[in-house]
Amino acid sequence: MAAAEQVKEILEWAKWAPSGDNTQPWRFEIVSDRQVNVHGFDTRTHCLYDLGGQASHLALGALLENMRLAATRFGFSTRIVERAGCPEAAPVFEVTFESESLEEDPLAEMIRIRSVQRRPYRLDPLTPEQKQTLESSVGPNYRVLWFEGFARRWAFASLTARAGKLRLTIPEAYTVHRDIIQWGAQFSEDRVPDQAIGLDALTLRLTRWAMVSWERVDFFNRYLAGTWIPRIRLDFIPGLACAAHFALVAGAVPRSLRDEIDAGKALQRFWLTATQLRLQLQPEMTPLIFRRYATQGISLSVRKEAQPQAERIAAHLDRWMGGREQADRVVFMGRIGCSAPARARSTRLPLLRLHWPGTS
């Protein structure tokens, strides 16, 4: 395979990194047969869930880790340099592939298989060997907290359902949900297909009707108990039906773009390792994001009742994480367990649409 084709093949694999709501916050500038510049961007100006660009930075870290792994399929090592002087909201990473006759990393084969499974899992507990393998995958600067057993799963299911109520009752979240769902779809290149959300067909039809406008959603929530069904189906039941919940904790509070990029790399290794172990995973980031609004004193919504709710979520999360200091270092949360792979999923944009403007 020609060198130029090898680089394109690496990008074809790398682009399968996870990103919030399938936003794919990266574009590729192919500089030469051995160098690609990754132009990042974030959605902080219009997405409630990308506070300070943190979600997008995690995704960029996962992408860069995918590039490193995919490059080993051709025996290459990878050198990544952050370009100085770029704004945090639009970082650029200069990625160079160097010939070193490396063996292919086993995690590379998991890149395209990895996906989100939002439906209930089996209750089989993780084995000590599985947990040890997952803990080793994140490297020495991170550790994994496990929340297992019925009582802890109930607590986390209740916490995600509480965050679900807040998520479903503020207009700032509605605009995000409206824009990221692709209705009537099993797969979506740039959004989340409705069949992957985790709702049954009847509830999906009702949800689609309500989401035509915020006024409908608000009426449904206020007078028809509209949050109960999605909170039970999307948050509470899956929160109980899993092997465990987990938190990925950094050794120090992330304070820079580099810290968040490194966290994304660790997260991607963890997720790919879970896939290798035939485990499924679903992010549970909403409580953590709402906690950040509360602890940083940033207004979450035009609705005044939203902020006290976020503060209560923060208090619950701090208690379960063992205190505020440790909760500040949590970079990712999710649930994990055995299940069949998702039948519906987000795919990715074609590589041509991911080129940096003016490049080919």
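Which residues are linked with E65 in a network of salt bridges? Let's work through that and a few more exercises on this predicted model.

Before starting, note that local features need pLDDT of at least 70 and side-chain atom pairs count only at pLDDT 80 or more, while totals for chains, interfaces and linings use all residues. Residues are numbered from 1 along each chain as its sequence is written, and side-chain values use heavy atoms, with hydrogens and water left out.

**Exercise 1. Find the salt-bridge network, then look at individual pairs.**

Step 1: Start with the rule, in which a salt bridge is a side-chain nitrogen of Lys or Arg within 4 Å of a carboxyl oxygen of Asp or Glu. The network that holds E65 also links R68, D105 and R269.

Step 2: Widen the search to the whole structure, and 21 salt bridges are found.

Step 3: Take R44 and D42, whose closest N and O atoms are 2.9 Å apart. For burial, use relative accessible area with a 1.4 Å probe and protein chains only: buried is under 20%, exposed is over 50%, and partly exposed lies in between. R44 is therefore partly exposed at 32%, whereas D42 is buried at 13%.

Step 4: Compare this with D190 and R191, a salt bridge with its closest N and O atoms 3.6 Å apart. D190 is partly exposed at 34%, and R191 is partly exposed at 30%.

Step 5: Finish with E325 and R329, which meet at 2.9 Å, N to O. R329 counts as buried because its relative accessibility is 11%.

**Exercise 2. Trace the open sheet and place helix α1 against it.**

Step 1: Helices (H or I, at least four residues) and strands (E, at least two) are DSSP runs, numbered from the N terminus. Two strands pair if DSSP finds at least two bridges between them.

Step 2: Read off the order β1-β2-β4-β3, an open sheet of four strands with antiparallel pairing. At the edges are β1 (26-30) and β3 (76-82), each pairing on one side only.

Step 3: Zoom in on β1 and β2 (residues 35-40), which are joined by five bridges. In one of the pairings, E29 has N37 of β2 as its bridge partner.

Step 4: Add α1 (residues 3-14), which lies across β1, β2, β3 and β4 (92-99) and runs at about 175 degrees to β1. Here contact means heavy atoms within 4.5 Å; axes are lines fitted to C-alpha atoms, for helices over the stretch in contact, and angles run from 0 to 180 degrees between N-to-C directions.

**Exercise 3. Is A196 buried or exposed, and what does it touch?**

Step 1: Locate A196 in the loop between β8 (192-193) and α6 (201-210).

Step 2: A196 is buried because its relative accessible area is 9%.

Step 3: Set aside neighbours within four places in sequence, and the contacts of A196 are R118, A344 and R345.

**Exercise 4. How many disulfides are there, and why does C338 form none?**

Step 1: A disulfide is taken as a pair of cysteine sulfur atoms within 2.5 Å. The count by this rule is zero.

Step 2: The closest cysteine sulfur to that of C338 is in C242, 11 Å away, so the two are too far apart for a bond.

Step 3: Check accessibility too: C338 is buried at 16%, while C86 is partly exposed at 26%.
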